[in-house]
Amino acid sequence: MAGFKLGRDSERARDAVQDTSQSQGDFGEESLTASRRGFLGGAGLAALGLATGGALPLLGDTAEAAPLNLPPALPQGVRQNAILDALPGKKPLIKLSYRPPNYETPIEYFRTAITPTDAFFVRYHLSDIPEIDPKTWKIDVGGEGAAGTLQIGLDDLKAMPAVEVVAVNQCSGNRRGLFDPHVPGVEWGYGAMGCARWKGARLKDVLAKAGIKKEAIEVVLSGADGPPFDKTPDFIKSIPVWKAMEDTTLIAYEMNGAPLPHLNGAPARIIVPGWTGTYWMKHINSIKAVTTPDKNFWMAGAYRIPLGKFPLVARFVSQETAVNTPITEMVVNSLISSHADGAKVKSGTPVGGIAWDGGYGIQTVEMSFDGGKSWMPAKLGEDLGRYAFRTFSLPVKGKGKITVMARATNAIGQTQTAKLIHNPPGYHHNVIQSVSLTVA
Amino acid sequence: MRTVAIAALVAAFAVPAFAEEKPVELKKAPGLDKVEANCAACHSLDYVLMNSPYPNAALWDAEVNKMIKIYGAPIEDADAKAIKDYLAKNYGS
């Protein structure tokens, strides 16, 4: 056990490769162009490289003072200080903090079911993020809930049966910055999420090599990143054995058809489809089956939600207390991404975005063009699986200034909340969004 | 001495892998030196900016206490008080 560094981190980031085979959702080119203008204005847009259709100009590493059009509900300190900044290998993203790096994806990248890898958000808890040589990198597999121990490297993982899954990776605290009243933490807007096609070996196949005992109740996950100071709890997470054994829970080494970028967890990370990003351990280097609940700070003291407040199905029973429970699956949610708040559109222009949930699948998305008085079903885009973003759109109706809303419902009847379910850590924000548009 | 120790720690460990971190300038006011010497050892100071100005003094107290008690930040009592006062006065509600 000695020898490998206990570090980790976590929530995750993601990327997605520009996949031209993915549709642009259901938005026509005209609406895309118009809305891109609406989003950032001419200069900002040019800075992002979107106005000209994709390729980013070489701007250097930052594009400061770009008009970010951040939500008014964010803390003033975010609105005044967030900037567009490019991490290595990434497009300019919205920088909330440099160290550890917390960068969110601008809304305009959420018009497709797959999020481009180079626009995929980056989230770390702790700032010691080592370079890793994939040739010598190994995962230690064992724990008292396993019959044996082993070490596996990248070639070993790739030699195992490969599985691909398209899945949303969303930070538990996505939209925390929109909480009213505000709660402390990374003050995310809408972009601490992304959806990618992940490829890797099944976690259960790796556990089977070590031999998992029937007394095992949790699988403890740790990565190579860690705190800059040894008194700070290293980022370590566990998942229940039943979730670890699901066919789509992976040790992924590819994202959108290419090796994982360093900032999204290379050489390999855990993929837990349906569950929030906190469990998607990056730079994974230790996997232990255990027979008692893991008590480390990041399980016992963080990432917990009050019992009974959210309509969730998946439970993490071994970690529940009388008052709270670990966050598990994502709540059903949607985002209007075709147009920025305040944009001008022509009547009949497709307006829409993406919807997702904790893995039951999106059943319907309804839209309202009159501030919630009347609702109509939107047209859903391509189905990339129950863990993926699902695009939706509807031609806009009305005249003058209107309020557009979207409300997603999943296959088990869960829908978005009209009123924020406030909780101290600022998780699970799925309030129905309102966007103001002016229809000509 | 503690400040010196933390500064050494920053030099030794806190170099970000991505390098492009730019100085985050907070308001010049009494206590800023303690904030820079202690808080910045583990995280960039934009954490303060994004979490402002909504916290009241009690919330800033709780945040600094969390950094010490939960995250193990080695901040001496006098420095902790100076940091709390600075944050409440300059980045509080």
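What do the buried residues of α4(B) pack against? The legends below take that up first; keep in mind that this is a predicted model.

**Figure 1. A close-up of helix α4 of chain B and its buried residues.**
Start with the answer to the opening question: the buried residues of α4(B) pack against α5 (77–91) of chain B. The residues to look for are B:Trp60, B:Val64 and B:Met67, which are buried. They cover an arc of only 55° around the axis, which puts them on the same side of α4(B). Now look at the other side of α4(B), where B:Ala58, B:Lys66 and B:Lys69 are exposed. You can also check the length of this helix, which runs over residues 57–69. At 1.5 Å a residue, its 13 residues should span 18 Å, and the end C-alpha atoms are 18 Å apart, so the two agree.

**Figure 2. The partner helix, α5 of chain B, with its buried and exposed residues.**
Here the buried residues are B:Asp79, B:Ile83, B:Lys84, B:Tyr86 and B:Leu87. Looking down the axis of α5(B), you would find these buried residues within an arc of 165°, so they line one face of the helix. What lies over them? The cover for the buried residues of α5(B) includes α2 (32–38), α3 (46–50) and α4 of chain B. Turned away from that buried side is a face of α5(B) carrying the exposed residues B:Asp77 and B:Ala78. The length check works here too: the 15 residues of α5(B) should span 21 Å at 1.5 Å a residue, and its end C-alpha atoms are 20 Å apart, which agrees.

**Figure 3. Chain A, before we zoom in on its parts.**
Chain A has six helices and 26 strands. Of its 440 residues, 58% count as buried. Take the contacts in chain A between residues at least 6 apart in sequence: 72% of these join residues at least 24 apart.

**Figure 4. Where domain 1 of chain A touches domain 2 of chain A.**
The domain assignment of chain A gives domain 1 (138–326) and domain 2 (333–439). Their C-alpha centres lie 28 Å apart. The contact takes 24 residues from domain 1 of chain A and 20 residues from domain 2 of chain A. On the domain 1 side, the elements that give two or more residues are β8 (162–170) and β16 (304–306) of chain A. Which of these elements gives the largest share of that side? That would be β8(A), with four residues. The residues on the domain 1 side of the contact divide into 15 nonpolar, five polar and four charged.

**Figure 5. Helix α4 of chain A and the glycine after it.**
This helix covers residues 203–210 of chain A, and its buried residues are A:Leu203, A:Val206, A:Leu207 and A:Ala210. Seen down the axis of α4(A), they fall within an arc of 100°, so they line one face of the helix. Follow the chain past α4(A) and you meet A:Gly211, whose phi is positive, near 85°.

**Figure 6. Two cis peptide bonds in chain A, each leading into a proline.**
One of them runs from A:Arg99 to A:Pro100, with omega near -10°. To find A:Pro100, look in the loop between β3 (93–97) and β4 (102–104) of chain A. The other runs from A:Ala266 to A:Pro267, with omega near 0°. A:Pro267 sits in the loop between β13 (258–259) and β14 (269–271) of chain A.

**Figure 7. Positive phi in A:Asn256 and A:His283, neither of them a glycine.**
A:Asn256 has a positive phi of about 55°. Its place is the loop between β12 (250–255) and β13 of chain A. Is A:Asn256 buried or exposed? With 26 other C-beta atoms within 10 Å, A:Asn256 is buried, because 20 or more is enough to count as buried. Phi of A:His283 is near 45°, which is positive as well. You'll find A:His283 in the loop between β14 and β15 (284–290) of chain A. A:His283 is buried, with 26 other C-beta atoms within 10 Å.

Terms used. Residues numbered from 1 in each chain as written. Chains lettered and ligands numbered in written order. Predicted model: local features only at pLDDT ≥ 70, side-chain atom pairs only at ≥ 80, totals over all residues. Expected span 1.5 Å × (residues − 1). Buried ≥ 20, exposed ≤ 12 C-beta atoms within 10 Å, placed from the backbone. Arc of directions from axis to C-beta. Contact = placed C-beta atoms within 7 Å. Domains from an automatic or database assignment. Nonpolar A, V, L, I, M, F, W, Y, C, P; charged D, E, K, R; others polar.
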